[in-house]
Every structure is written in C-alpha cells, then in structure tokens.
Amino acid sequence: MPEKPSVNGLDDKWAQNWADTGVYRFVPAAVREQVYSIDTPPPTVSGSLHVGHVFSYTHTDIVARYRRMRGKQVFYPMGWDDNGLPTERRVQNYYGVRCEPTLPYDPEFTAPEQVTKKGQPPVALSRRNFVELCEKLTGEDERVFEHLWRRLGLSVDWSMTYTTIGAKAQRVSQTAFLRLLARGEAYQSEAPTMWDVDFRTAVSNAEMVDKDQPAAYHRLRFTVEGAPVHIETTRPELLPACVALVAHPDDERYQPLFGKEALTPLFGVRVPVLAHPAAQADKGSGIAMVCTFGDQTDVIWWRELGLATRTIIGRDGRLQELDFAEIPCQDPQAAAEVYAGLVGRGAAQARKAIVELLEQAGVLEGTPRAITHPVKFYEKGDRPLEIVSSRQWFVRTLAGKEDLLARGAQITWQPPHMKSRFDDWVRNLNADWLISRQRYFGVPFPLWYPLDAAGEPDYAHPILPDESELPVDPQSAAPAGYTEAQRGVPGGFGGEPDVMDTWATSSLTPQLACGWLTDPDLYAVTYPMDLRPQAHDIIRTWLFSTVVRSHLEEDATPWRHAAISGWILDPDRKKMSKSQGNVITPEHLIDEHGADGVRYWAALGRPGTDTAFEPQQMKVGRRLATKMLNAAKFVYSFGEPSADAQATDPLDRALLAVFADTVAEATAALEGYEYTTALVAAERFFWMFCDDYVELVKDRAYAGSDSARLTLRRALNGVVQLLAPFIPFTTEEVWSWTHEGSVHVTAWPEASAYAAADAADSAGAAAGLGSSRLLGLASALIGAVRRAKTAEKLSMRADIATVVVTCPPEQAEAIRGFEQDVRAAGHIGRIVYEVGDTLDVKVVLED
C-alpha cells in the first residue's frame with residue numbers, strides 16, 4: 001500500500017497493466033451459453049469524441065464488466081465507423097481538398113499539411129487519391145479514439161477491432177449485397193428520390209429530419225373551362241412541373257371538375273383534375289397542384305394516379321431545361337419564353353422570380369400568407385431536400401413489415417418503452433430502404449454494366465463478380481472477360497459509380513465483428529449477440545437496418561437485448577452534438593476528475609433517459625474513489641484475522657446481512673440493465689460502512705477482535721467488487737494491495753454467502769429487529785452524539801459523560817448488544833435507558 005493513496009495516476013497505471021496482461025482478452029468458450037457478446041457501436045471517425053460518447057460507452061462497459069464477473073467470456077470488440085459523408089467532409093476541411101472523379105490517379109501524390117488558413121481554394125484530387133487521404137486521416141483519428149477509450153477504462157479486447165470500410169468490411173458488405181440481389185431482395189430503380197443538393201447524394205427516409213422553416217402560401221388562379229380555380233402553394237416555382245390538380249373525392253366543391261382539364265397560369269399547360277383520398281379538404285383551398293416533385297405526397301399521387309413526369313429541379317438544386325413542345329399546352333413557344341428566365345436559378349431565386357411573373361400576369365390573388373411549417377432536411381445538410389429522379393439501389397422492406405415487427409417483439413428492450421419507437425417506424429414505412437449514395441469514400445457496389453453500341457449502360461443485365469473475387473472496386477478493376485481498355489467505350493463496360501450508404505455497411509456489424517465469413521467457430525459462439533447498446537435517435541437507422549439484414553440473411557434477430565441510452569444535454573437542455581457546436585471533449589475532464597469520476601457521472605444516467613452534463617457529479621465520483629482508497633488503507637492496517645475467525649458480534653453479523661441485501665439488490669438491477677440502481681445501492685452501503693460501521697468497531701479492531709477484523713475485510717472486499725464495474729481503476733488499485741490478479745475477473749459476490757450472517761442468535765433478531773434496523777439504531781445513536789458535539793463545538797474525540805436513550809424495551813435490548821461499540825466510538829461514559837414509544841437520544845456532556 002502506498003503511504004498516501006491518491007487517485008492521480010491510477011488511470012495510466014492500470015490501463016497499461018491491463019494492456020500488458022491482456023486481462024480482457026476474449027477466449028472463445030466451448031458453447032454459446034458461456035459467452036456474452038456485445039455489438040459495440042462503432043463511433044464515427046470524423047474528428048473527436050465528446051462527453052456524449054463517454055456517457056453511453058461507459059454504460060456498455062459497466063454491463064461488460066458485470067457479465068465478466070458473472071463468469072461469462074465477454075466478447076467486446078470495438079469498431080470504427082470510418083466511411084460516409086462525415087469522413088469526407090472532415091478530409092475536405094482538414095486538407096483543403098475536393099474529389100474530382102474525372103482526374104487520373106496520381107501515384108506520387110503525398111498528403112498535404114493540415115489547412116491553417118481560411119479562404120484557400122481546395123485542391124482537386126482523383127477519386128482514388130481522395131479515398132487514400134480519407135484512409136490516412138481516419139487511421140490517425142482511430143489511434144486517438146483508442147487512446148481515449150483506454151483512459152476511460154473500456155474493457156475492450158483491443159486485438160479484435162474492425163472498421164466499416166476496410167477490406168474485411170468490404171468483403172462482408174459486398175457478399176451480403178450480392179446475396180440480397182440473388183434472392184431478389186435488392187433491386188435497382190429509376191425513381192423519385194430525396195436528394196441533398198449540396199452533398200449531391202440521395203438520402204433515405206431514416207436520415208431525414210424536419211426543420212421548421214418560414215414560408216408563404218401563394219394563391220394562384222388556374223382555370224377550368226374558363227372558370228377560376230384557386231390553388232394555394234408554398235412552392236410556386238414548381239408551377240412548370242405541375243401535372244394535375246387533386247381534390248378529395250367527397251369534396252362537393254370540386255366534384256363537378258373531376259375528369260376535366262385545367263390550364264396552369266403563366267404556362268397554359270393542360271392538366272387533369274382528379275380525385276384522391278389523400279387530398280385534404282380543409283388545407284388551403286382544398287385542391288392541390290401535383291408537381292413532380294414538391295414533396296412525398298406528390299410522389300404518392302404521381303405513382304397511384306399514373307401521372308406524367310416533368311422533373312425540373314436538377315441534382316444541383318437548380319431549375320433545368322424543359323421542352324414545352326412535348327407538353328400539352330396552349331402556346332409552347334410562349335411558355336418556353338416565360339420559363340427561359342427561370343432556368344439555372346436555385347429554388348429560392350426561382351420562387352422570387354416566378355412570383356413577380358405571376359403578379360405581372362394578374363394571376364396571383366391577394367398577398368402571400370406567411371406561415372412556418374416543417375421542411376425535410378438531410379440530418380447533416382444545410383438546405384431543404386429536393387426530390388429528383390435518379391437511379392438508386394433499394395432493399396425490400398415494405399413487404400416485410402409484419403415480419404420486422406415480430407423481430408422487434410423478440411428483442412428485450414431496455415427500457416421497455418423504447419420498443420414503441422421501433423414499432424412506429426416500421427408501421428409508418430412508406431418506401432423501401434434506399435442504400436445507394438453518390439459519394440466516394442464508402443463500400444462500392446460490386447458490379448459493372450455492359451455498354452451497348454451507343455455506349456449506354458445496360459442496367460438490366462449487370463456483370464457480377466464471384467464471391468471469391470471480393471472485395472472489388474468497379475471504378476479501378478475490370479470485370480472478368482474485359483480489359484481496362486474497354487472501360488467506358490461502346491461494347492465495353494462501365495463500373496457502378498455509387499457506394500453503399502453507411503447504414504448499409506454498419507447494419508452488418510454483428511456479422512463483421514463475429515467473423516461471419518472468416519471464422520465459423522467464433523461466429524457459432526457469438527451470434528446472435530446478447531446486447532446492442534445505442535442511443536434512441538438511431539433506432540430508426542442503425543437498429544432498424546441491423547434487424548432487417550439479420551432477418552433477411554440469417555432469419556433471426558441480431559441480438560437478444562437492446563439497451564437504449566439517452567442524450568447528454570447542455571445547460572440549455574439541448575442535445576449535445578457536433579452539429580449543434582455545443583460539444584465538450586472529455587480529455588480535460590479525465591485529467592481533472594479522473595476516469596472513475598467521469599464514469600461515476602455517466603453511470604448516474606439511467607437507461608433511455610436524457611441527462612444533463614454535470615461536472616459536480618464528477619467531483620462526487622472522485623471523492624468516492626478517494627474515500628475508497630483511504631478506507632481500504634485504514635481497514636487493511638488492522639492486519640488479517642485468524643484463519644478460523646468468524647463474525648460473532650451482533651453488529652458485525654448485522655452488517656454482513658445488510659451487505660447480503662445490497663448484493664441482491666445490485667445483482668437484480670444489473671441483470672435488468674439498471675446499472676444506476678446498482679450503483680446507488682452499492683454506494684449507499686459503502687458510505688454507511690465508512691461513516692458509521694468502521695467508526696463503531698474500530699476500537700474492537702484495534703484491540704484484536706477477529707469478528708471485527710473479519711467483517712471489515714469481508715465487507716470492504718465485497719463492496720470493492722460491487723463497485724468494480726463503475727470505478728474500475730480505484731477498485732483495481734485497492735484489490736491489488738491484498739490480492740493477486742485482477743478484481744475484474746473475480747466472481748461477483750453472492751448474496752447467500754453473506755445472508756447466513758443474519759443468524760437467529762444476533763441481538764437484533766432476538767429483539768425482533770432486522771439487521772438493517774439494528775444498524776440503523778447504531779447509526780442513529782452515534783449520529784446523535786456527533787450532532788451534540790458539533791453543536792457544542794467539541795472535537796469528535798471529546799468525552800461525554802452520559803447518553804440517555806429513550807426507546808421501546810425491545811430496542812433497548814438490541815442496543816445493549818452493541819453498547820460497547822457505541823460507547824467506544826462516541827467516547828461515552830455510560831448509556832442510560834428509559835422506556836418510550838419512539839427512539840430519542842439526549843447527550844449529557846458532564847454529570
């Protein structure tokens with residue numbers, strides 16, 4: 001034991017020791033039941049970790065440590081999610097570069113220095129050079145992340161890390177995709193797609209968020225057989241894309257118009273007036289213009305009513321050319337002249353211009369009515385999404401809603417109410433899962449297309465590789481039977497340019513971590529996994545997509561339990577996130593409070609509950625760790641009890657019995673993933689043990705009482721084990737003073753080993769009191785004495801002549817069993833008993 005124990009330096013000391021000894025190394029067991037496997041969330045490698053990560057990953061580590069002490073071989077790998085838009089954006093900003101796919105690969109290219117000056121024009125790179133830069137920076141970030149996780153004390157097996165874009169991940173993702181394709185569960189389609197005009201990529205429903213935006217309803221005058229029909233729209237710039245008017249079939253105002261044609265203002269395009277039950281009679285004027293495409297309702301009407309397609313918003317977010325000669329309108333040339341002034345403008349600019357044209361033509365009725373309404377954004381984007389027509393890859397999910405709901409029911413949710421979020425998402429699915437992205441740093445789709453005599457790709461007959469050839473990059477490798485010289489030429493081939501969505505690869509983390517294609521023995525004992533820990537905001541993305549892939553590939557749920565953590569909130573009660581710019585990085589917090597202090601704060605955040613960032617609780621955690629070091633040094637200073645020692649004193653037996661109850665409470669809580677409840681129970685016992693019990697029995701321990709010394713050691717060792725999952729560095733330090741090996745691989749305490757101490761011959765039992773009440777009496781007595789001394793401004797070591805205890809006779813009988821301990825601890829001359837209905841303590845300083 002050190003002369004002056006301190007929490008300072010314990011993080012580095014034991015992190016290095018654990019790395020050297022491999023104490024958390026996973027050793028595959030013979031059967032699945034002996035293994036506890038965790039589908040650890042792979043953090044996005046795009047900058048730095050923040051306290052939100054520390055919060056949720058600590059929760060997972062608590063579970064891992066507990067299960068290890070329960071005798072399981074814990075499979076706890078760490079992954080790195082290093083593909084997708086966040087990584088690309090970080091590389092672009094860090095190095096000051098941009099990807100230009102048309103440029104040739106430069107094998108002599110070297111990574112530039114980090115950009116330090118703003119305003120420098122970005123350097124254009126070939127796709128392959130850009131990807132190499134992404135790989136370089138993510139590799140550096142991963143080392144920084146691992147260092148922080150080790151400092152935090154995550155009991156990960158660091159020999160089993162994986163990435164979501166490396167060769168292994170690409171092989172797994174591409175194999176799974178080809179098998180989906182072979183089964184008809186993946187397909188390609190030219191369809192209206194939600195599109196981010198800045199990132200130039202398709203976006204799935206799960207990645208969209210609603211943001212309230214200012215807008216205005218514009219009242220436009222259409223005509224039907226010369227009579228006016230008014231439409232209210234927030235997007236007048238889409239008027240050239242109008243293909244129909246739609247009203248509810250029961251709306252008597254418009255029933256006479258169904259089946260007729262309306263003329264659009266400005267352009268004179270003839271469009272049908274149709275009925276559809278999705279039209280809302282109480283919204284606007286009750287009749288809507290259908291444009292291709294303004295929102296997802298337009299897509300539904302377009303598809304179900306078999307309407308024409310006039311897509312005017314391009315992939316760059318600007319209005320593109322439209323041939324009015326092919327459109328039924330009164331005067332195609334006049335319409336084209338009006339439209340020419342809108343071509344090339346962004347949506348906002350086009351809206352302003354067309355409103356001016358409508359006003360000049362006298363077909364804009366009244367003043368636009370200002371509103372605020374929700375608009376779809378990509379969760380990482382800055383501008384509203386548009387709907388463009390594009391060729392994309394999809395996984396069939398709509399047809400399997402009931403199967404997916406059944407899978408959700410097979411998972412045990414912690415907390416249970418989080419299941420409703422999954423169910424609601426599945427029930428409200430309105431499109432198949434879009435898995436393709438128009439980016440560069442991602443897992444490529446493993447296929448090529450033959451080119452016809454005109455050089456056009458034949459999408460219906462893709463060229464597929466054999467699984468043994470995977471992974472492949474169709475942008476740099478030629479398919480079997482072709483040479484690179486045939487790329488892009490008529491009669492040759494073209495590589496699929498798109499990459500998989502990040503969720504299309506991260507949805508395979510169980511297969512990737514468990515060795516699906518590479519280690520069948522490991523896969524047999526780790527899959528399906530036991531636990532998926534994650535935040536509630538990605539239930540609709542990561543959790544949902546993983547359930548989909550496991551259902552389709554394995555006909556099983558991917559894990560038995562889903563433990564959902566909440567968010568970390570800043571002082572304004574807003575979610576802490578990089579996009580909000582309100583994150584706090586954790587390194588300085590560990591420096592100041594120690595890893596155990598930070599972990600203590602995290603452990604107080606209950607499952608599924610949003611928690612405020614509170615450094616004050618980290619200070620409390622540090623004090624707990626410091627108190628444990630000092631208490632352990634004090635207890636161990638008494639020396640070991642004799643080999644045949646037993647707890648015979650009533651107070652000692654009562655303490656062990658109360659500890660048995662604490663073990664039972666903490667164990668039940670951790671079995672139910674209620675780690676906060678377990679911490680509170682263990683900590684409550686620890687402070688009672690230090691503040692009351694140790695003070696009450698130390699004189700007996702100094703005097704050589706085997707009962708006191710044995711109880712002190714048994715209780716201390718036991719509570720060290722209970723707190724080991726929460727404050728692993730301090731508990732390891734304390735354990736090392738008197739034990740060989742790590743506390744983290746010892747057997748979790750069993751309540752039955754301590755419950756026997758509450759024997760019938762104890763003073764409390766004889767008096768009809770339980771052990772907790774017996775200890776409560778002792779604590780009340782010594783507490784009253786302390787308060788009296790404080791009131792009199794006396795030292796705690798000052799002598800007191802007499803303490804008068806008023807209580808029922810059975811309590812007096814119990815107190816007499818430990819009176820000697822109370823008198824010694826309180827420096828009390830004598831205790832006088834008086835009969836009363838309730839306990840009352842009076843202190844007489846002098847006779």
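**Close-up views of a predicted model**

The mean pLDDT of this predicted protein model is 91, and 97% of the residues reach 70 or more.

**View 1. Confidence is highest in strand S1 and lowest in helix H22.** Strand S1 (residues 35–37) has a mean of 98. Helix H22 (residues 763–766) has a mean of 46. Over residues 758–768 the pLDDT is below 50. Beyond near neighbours in sequence, this stretch has 17 contacts in the model.

**View 2. Four strands form an open sheet in the order S8-S7-S16-S18.** The pairing in this sheet is antiparallel. Strand S8 (201–202) and S18 each have a single partner strand, so they stand at the edges, and one side of each is left without a neighbour in the sheet. Strand S7 (residues 186–196) and strand S16 (residues 386–395) pair in the antiparallel sense, with ten bridges between them. Within this pairing, Trp195 has Glu386 in S16 as its bridge partner. In a regular strand, side chains point alternately to one face of the sheet and to the other.

**View 3. Asn430 sits in a loop that leads to strand S18.** The loop lies between helix H10 (419–427) and strand S18 (433–434). Is Asn430 buried, partly exposed or exposed? Asn430 has a relative accessible area of 45%, so this residue is partly exposed. Leaving aside residues up to four places away in sequence, Asn430 touches Asn205 and Leu398. Asn430 and Ile300 are 130 residues apart in sequence, while their C-alpha atoms are 9.4 Å apart in space.

**View 4. Strand S9 pairs with strand S15 and with strand S10.** Strand S9 (residues 208–224) runs antiparallel to strand S15 (residues 364–378), and twelve bridges join the two. In this pair, Gln213 stands opposite His373 of S15. S9 also runs antiparallel to strand S10 (residues 227–233), here with seven bridges. Phe222 stands opposite Val229 in S10. S9 and S10 form a hairpin with two residues between them. Glu225, in the turn, has a positive phi of about 55°.

**View 5. Helix H20 is mostly covered.** Of its eleven residues, nine are buried. Among them are Pro728, Phe729, Glu732, Trp735 and Trp737. What covers the buried residues of H20? The cover includes helix H1 (10–21), helix H2 (51–69), helix H4 (127–152), helix H15 (587–603), helix H16 (615–636) and helix H19 (706–723). In an α-helix, residues three or four places apart point the same way, because there are 3.6 residues a turn.

**View 6. Ser742 lies in the loop after helix H20.** This loop runs between helix H20 (728–738) and helix H21 (752–755). Ser742 has a relative accessible area of 11%, so this residue counts as buried. The side chains of Ser742 and Glu732 are joined by a polar contact of 2.6 Å. Not counting residues up to four places away in sequence, Ser742 touches Trp18, Val23, Glu732 and Trp735.

**View 7. Aromatic rings form pairs and a cluster.** The structure holds 33 aromatic pairs. One of them is the stacked pair of Phe267 and Phe324, with 5.7 Å from centre to centre and 10° between the planes. Phe267 lies in the loop between strand S12 (261–263) and strand S13 (270–275), and Phe324 in the loop between helix H6 (296–305) and helix H7 (332–340), so the pair ties together parts that are 57 residues apart in sequence. Phe267 and Phe324 are both buried. The ring planes of Phe293 and Trp302 stand at 90°, with centres 5.1 Å apart, so this pair is edge-to-face. Phe293 is buried at 2% relative accessibility, and Trp302 is buried at 19%. One aromatic cluster is made of Phe659, Phe685, Phe689, Tyr693 and Tyr754.

**View 8. Cys99 has no disulfide partner.** A disulfide is a covalent bond that links the sulfur atoms of two cysteines. Why does Cys99 not form a bond with Cys134? The sulfur of Cys134 is the closest cysteine sulfur to that of Cys99, but the distance is 8.2 Å, too far for a bond. The cut-off for a disulfide is a pair of cysteine sulfur atoms within 2.5 Å. By this rule, the count of disulfides is zero. Cys99 counts as buried, at 8% relative accessibility. Cys690 is also buried, at 6%.

Methods. Residues are numbered from 1 along each chain as its sequence is written. This is a predicted model: local features need pLDDT of at least 70, side-chain atom pairs count only at pLDDT 80 or more; totals for chains, interfaces and linings use all residues. Side-chain values use heavy atoms; hydrogens and water are left out. Buried means under 20% relative accessible area, exposed over 50%, partly exposed in between (1.4 Å probe, protein chains only). Contact means heavy atoms within 4.5 Å. Two strands pair if DSSP finds at least two bridges between them. A polar contact is a pair of N or O atoms within 3.5 Å; within protein, one must be able to donate a hydrogen and the other to accept it, and residues adjacent in sequence count only if both atoms are side-chain atoms. pLDDT is the predictor's confidence in each residue, from 0 to 100. Rings of Phe, Tyr and Trp (its six-membered ring) pair if their centres lie within 6.5 Å; planes under 30 degrees apart count as stacked, over 60 as edge-to-face and the rest as tilted.
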